[in-house]
Amino acid sequence: MDSYSADDILAVELWANALPRKILGYRTPDGAFEAEMNAIYAA
């Protein structure tokens with residue numbers, strides 16, 4: 001990990017969180033998280 005910069009790690013994080021997942025009904029993790037947070041705050 002020491003050989004990777006913070007920017008490199010952030011780029012992988014952003015890519016992974018924007019990738020649609022079958023287990024989430026082909027939603028992205030970011031989208032699924034936002035929908036869940038909206039449901040929590042709406043209650």
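Is M1 buried or exposed, and what is its relative accessible area? The legends below address this point for a predicted model, beginning with the whole chain.

**Figure 1. Overview of the predicted model.** The protein has 43 residues, of which 7% are buried. Its secondary structure comprises 2 helices and 0 strands. Along the principal axes, the C-alpha trace extends over about 45 × 25 × 10 Å. The accessible surface of the protein amounts to about 3,800 Å², and 62% of this area comes from carbon and sulfur atoms.

**Figure 2. Close-up of M1, in the segment before α1.** Helix α1 covers residues 6-17, and M1 precedes this helix. M1 has a relative accessible area of 72% and is therefore exposed, since the cut-off for that class is over 50%.

**Figure 3. Close-up of the nonpolar surface patch formed by M1, Y4 and I9.** Together, these three residues contribute about 370 Å² of accessible area. One member of the patch, M1, belongs to the segment before α1.

**Figure 4. Close-up of A11 in helix α1.** The relative accessibility of A11 is 44%. Because this value falls between the limit of 20% for buried residues and that of 50% for exposed ones, A11 is classed as partly exposed.

**Figure 5. Separation of A11 and Y41.** In sequence, A11 and Y41 are 30 residues apart. In space, the C-alpha atoms of A11 and Y41 are 29 Å apart. Of this pair, A11 is the residue shown in the preceding view as part of helix α1.

Definitions and conventions. Residues are numbered from 1 along each chain as its sequence is written. This is a predicted model: local features need pLDDT of at least 70, side-chain atom pairs count only at pLDDT 80 or more; totals for chains, interfaces and linings use all residues. Side-chain values use heavy atoms; hydrogens and water are left out. Patches are made of residues with over 30% relative accessible area and no salt bridge: like charges are joined within 9 Å, nonpolar side chains (Val, Leu, Ile, Met, Phe, Trp, Tyr) within 5 Å. Accessible areas come from the Shrake-Rupley method with a 1.4 Å probe; for residues, only the protein chains shown count as cover. A salt bridge is a side-chain nitrogen of Lys or Arg within 4 Å of a carboxyl oxygen of Asp or Glu. Helices (H or I, at least four residues) and strands (E, at least two) are DSSP runs, numbered from the N terminus. Buried means under 20% relative accessible area, exposed over 50%, partly exposed in between (1.4 Å probe, protein chains only).
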